Amino acid sequence: PDVVFISEVRSPALGPAGCKKGDGQRRQQDKLSRASHSLASEADAIARFVREHGYRAYWSLAEYKYAGTGLLVKAACEQPHALRHSLDPDAAAATHQTEGRVILASFERFDLLGTYTPNNGGSEDAHARRRRWDEACAALLQRRGGAAAARPLVWLGDLNVAAEWGDVGPDPGWFRDKNGQGAAHADDRGQPGFTPNEQARFRSLLAAGGLVDAYRTLHPVANWATDVTWRGCAGKDGPPAAG
């Protein structure tokens, strides 16, 4: 593919010698750490892979092995003429989301937003964090002007939500009833990524951005012989051989 977006890179950002998690020292979040022999080897291996497959790489990384995102663009193709790494449209262009969860790349005719959305989790604090994230996404999309925006937007990545019942599996009740039953709000109960509140907010995000679910547009009917999540496919005896 000409463009690949990678969620959860799990490679720390480059920092000063001897830096530690939470020390407050400034990181270069667009560069891979080489702070140890193993990290340097990983960085070299990644650089070699990117080069051998004809890509240029753009990174947004956390200060430790957590989250982080990457964008690979074929070197022979048009490269982004501008990059941002925050959902805040008023933030300086060099400002990265703390955990490296955002890359917004502007090409000549469209913008590409890649995000690694935080998991809804199983605690009230995690639910609140996810609500704040979705609110920030909504504000960005509304600021762009939705369907009337002059520049088309492609949004991809790990959005951590099953958009509709048809995306959940042949037994959606399993995901809704299996886990997370202790949530204070009934619509936050269920497997993270499959709760009513997450799905409702995602529908609102699509509306705010004038966006469509491209996969479901091309494949309107789910095929549970091939469509599975990494959590498995409830109602079937494990993932198919093709998965």
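By class, the lining of the largest cavity has six nonpolar, one polar and three charged residues. This is a predicted model, so please keep that in mind throughout.

The volume of this largest cavity is about 60 Å³. The structure holds one cavity of 30 Å³ or more. Which residues line the largest cavity? They are T117, R130, W133, D134, W155, L159, V161, E198, F202 and L205. Two helices, α2 (124-144) and α4 (196-209), each supply at least two residues of that lining. As general background, empty space is found by rolling a probe the size of a water molecule over the atoms.

Now the second largest pocket. Its volume is about 260 Å³. The lining of the second largest pocket has two nonpolar, five polar and four charged residues. Part of the lining is a run in the sequence: Q25, R26, R27, Q28, Q29 and D30 are among the lining residues. A62, E63, A94, H96 and T98 also line this pocket.

Next, the sheets. One is an open sheet of four strands in the order β6-β7-β8-β9, and its pairing is mixed. At the edges stand β6 and β9 (153-158), each with a single partner strand, so one side of each has no neighbour in the sheet. From one strand to the next, the twist averages 15°.

I will take the pairs in order. β6 (residues 82-84) pairs with β7 in the antiparallel sense over three bridges, and R84 stands opposite L104 in β7. β7 then pairs with β8 (residues 111-116), again in the antiparallel sense, over five bridges. Here S106 stands opposite D111 in β8. How many residues does the hairpin from β7 to β8 run through? The hairpin joins the two strands through four residues. The pairing of β8 with β9 is parallel, over six bridges. D111 appears again at this step, with L153 as its bridge partner in β9. D111 in β8 is therefore placed between S106 and L153 of β9.Stay with β7 for a moment. Are the residues of strand β7 (residues 102-106) mostly covered or mostly uncovered? The strand is mostly covered, with five of its five residues buried. V102, L104 and S106 point one way from β7, while I103 and A105 point the other way, and all are buried. In a regular strand, side chains alternate between the two faces of the sheet.

The other sheet to mention is open and has three strands, in the order β1-β5-β4, with antiparallel pairing. Its edge strands are β1 (3-7) and β4 (55-60), and each pairs on one side only. Neighbouring strands of this sheet are turned by 15° against each other on average, direction ignored. Between β4 and β5 (residues 69-74) the antiparallel pairing runs over six bridges. Within that pair, W59 stands opposite G70 in β5.

Two backbone points come next. Most residues other than glycine have a negative phi. R10 is not a glycine, yet its phi is positive, at about 55°. Where is R10 found? R10 is in the loop between β1 and β2 (13-14). With a relative accessible area of 43%, R10 is partly exposed.

N160 also has a positive phi, near 55°, and N160 is a residue other than glycine. This residue lies in the loop between β9 and α3 (172-178). Is N160 buried or exposed? N160 is buried, because its relative accessible area is 17% and the cut-off for buried is under 20%.

Last, the cysteines. How many disulfides does the structure hold? The structure holds zero disulfides. C77 is partly exposed, with a relative accessible area of 27%. C137 counts as buried, at 3% relative accessibility.

To go back over the main items: the largest cavity has a volume of about 60 Å³, and the second largest pocket has a volume of about 260 Å³. The four-stranded sheet has mixed pairing, and the three-stranded sheet has antiparallel pairing. R10 has a positive phi and is not a glycine, and N160 likewise has a positive phi without being a glycine.

Note on methods
Residues are numbered from 1 along each chain as its sequence is written. This is a predicted model: local features need pLDDT of at least 70, side-chain atom pairs count only at pLDDT 80 or more; totals for chains, interfaces and linings use all residues. Side-chain values use heavy atoms; hydrogens and water are left out. A disulfide is a pair of cysteine sulfur atoms within 2.5 Å. Buried means under 20% relative accessible area, exposed over 50%, partly exposed in between (1.4 Å probe, protein chains only). Two strands pair if DSSP finds at least two bridges between them. On a 1 Å grid over the protein atoms alone, a cavity is a set of points where a 1.4 Å probe fits but cannot get out, and a pocket is an open set with protein on both sides within 12 Å along at least five of seven lines; lining residues have an atom within 4 Å of a point. Grid points are joined across faces, edges and corners, and a volume is the space filled by probe spheres set on the points. Ala, Val, Leu, Ile, Met, Phe, Trp, Tyr, Cys and Pro count as nonpolar, Asp, Glu, Lys and Arg as charged, and the others, Gly among them, as polar. Axes are lines fitted to C-alpha atoms, for helices over the stretch in contact, and angles run from 0 to 180 degrees between N-to-C directions.
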